[in-house]
Amino acid sequence: MNIEQLMEKLGRSGVTVILKVDDERMTEGGEPWTLVMSGPGLGDQGFIRAESSSLSDCLEQGLTRLRARSSDWEWLTEIP
């Protein structure tokens, strides 16, 4: 997955994306990765938040939730 291309496409679709890794959670063996998506591209349904122990799982959780919102996100099925 090319994260830069994904983020650009989401941004051009009206979605603000924040991706974070937390060193304290990582040290404690928690879920250090957090993904937050918001913005007008999500409509009135608010924001999406996902947390996980791996970057790929965190992204997949967020993208799965985004796909479930509407058919506007069908292009996300092209993202491996």
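## Two partners in helix 1

Let's start with one residue: Arg-12 is exposed, with a relative accessible area of 72%. Keep in mind as you look at it that this is a predicted model. Which residue does Arg-12 form a salt bridge with? The partner is Glu-8, and the closest N and O atoms of the pair are 3.9 Å apart. That counts as a salt bridge because the cut-off for such a nitrogen and oxygen is 4 Å.

Find both residues in helix 1, which covers residues 3-12. Arg-12 and Glu-8 are 4 residues apart there, or about one turn of the helix. Glu-8 has a relative accessible area of 41%, so Glu-8 is described as partly exposed, while Arg-12 is exposed.

## The whole protein

Now zoom out. The protein contains 3 helices and 3 strands, and walking along the sequence you meet them in the pattern α-β-α-β-β-α. The radius of gyration is 13 Å, close to the 12 Å that the globule rule gives for 80 residues, so the protein is as compact as a globular protein of that length. Along the principal axes, the C-alpha atoms fill a box of roughly 40 × 25 × 20 Å.

How much of the protein counts as buried? The share is 26% of the 80 residues. The accessible surface comes to about 5000 Å², and 49% of that surface belongs to carbon and sulfur atoms. You can also ask how the chain meets itself: among contacts between residues at least 6 apart in sequence, 34% join residues at least 24 apart.

## The sheet

The 3 strands build an open sheet in the order 1-2-3, with antiparallel pairing. Strand 1 (16-21) and strand 3 stand at the edges with a single partner strand each, so one side of each has no neighbour in the sheet. From one strand to the next, the twist averages 10°. What holds such neighbours together? Strands of a sheet pair through backbone hydrogen bonds, either parallel or antiparallel.

Follow the pairing across the sheet. Strand 1 and strand 2 (residues 33-38) are antiparallel partners over 6 bridges. Within this pairing, Ile-18 has Val-36 of strand 2 as its bridge partner, and Leu-19 has Leu-35 of strand 2. As a rule, the side chains in a regular strand alternate between the two faces of the sheet. On the other side of the order, strand 2 and strand 3 pair in the antiparallel sense over 5 bridges. Here the bridge partner of Met-37 is Ile-48 in strand 3.

## A helix across the sheet and a loop

Which strands does helix 3 lie across? Helix 3 (residues 55-67) lies across strand 1, strand 2 and strand 3, and runs at about 155° to strand 3.

Next, look for Pro-40 in the loop between strand 2 and strand 3. Is Pro-40 buried or exposed? Its relative accessibility is 76%, so Pro-40 counts as exposed. Pro-40 and Thr-16 are 24 residues apart in sequence, and their C-alpha atoms are 8.6 Å apart in space.

## More salt bridges

How many salt bridges does the structure hold? There are 5 salt bridges. You have already met the pair of Arg-12 and Glu-8. Another one joins Lys-20 to Asp-22, with the closest N and O atoms 3.7 Å apart. Lys-20 is partly exposed, at 37% relative accessibility. Asp-22 has a relative accessibility of 17%, and it counts as buried because buried means under 20%.

A further salt bridge connects Arg-25 and Glu-51, whose closest N and O atoms are 3.6 Å apart. This pair links distant parts of the chain: Arg-25 sits in helix 2 (residues 23-27) and Glu-51 in strand 3 (residues 48-52), 26 residues apart. Arg-25 is partly exposed, with a relative accessible area of 22%, and Glu-51 is partly exposed as well, with 26%. Finally, Arg-49 joins the story: Arg-25, Arg-49 and Glu-51 are linked in a network of salt bridges.

Notes. Residues are numbered from 1 along each chain as its sequence is written. This is a predicted model: local features need pLDDT of at least 70, side-chain atom pairs count only at pLDDT 80 or more; totals for chains, interfaces and linings use all residues. Side-chain values use heavy atoms; hydrogens and water are left out. A salt bridge is a side-chain nitrogen of Lys or Arg within 4 Å of a carboxyl oxygen of Asp or Glu. Helices (H or I, at least four residues) and strands (E, at least two) are DSSP runs, numbered from the N terminus. Buried means under 20% relative accessible area, exposed over 50%, partly exposed in between (1.4 Å probe, protein chains only). Two strands pair if DSSP finds at least two bridges between them. Axes are lines fitted to C-alpha atoms, for helices over the stretch in contact, and angles run from 0 to 180 degrees between N-to-C directions. Contact means heavy atoms within 4.5 Å. The radius of gyration is taken over C-alpha atoms; the globule rule is 2.2 Å times the number of residues to the power 0.38. Accessible areas come from the Shrake-Rupley method with a 1.4 Å probe; for residues, only the protein chains shown count as cover.
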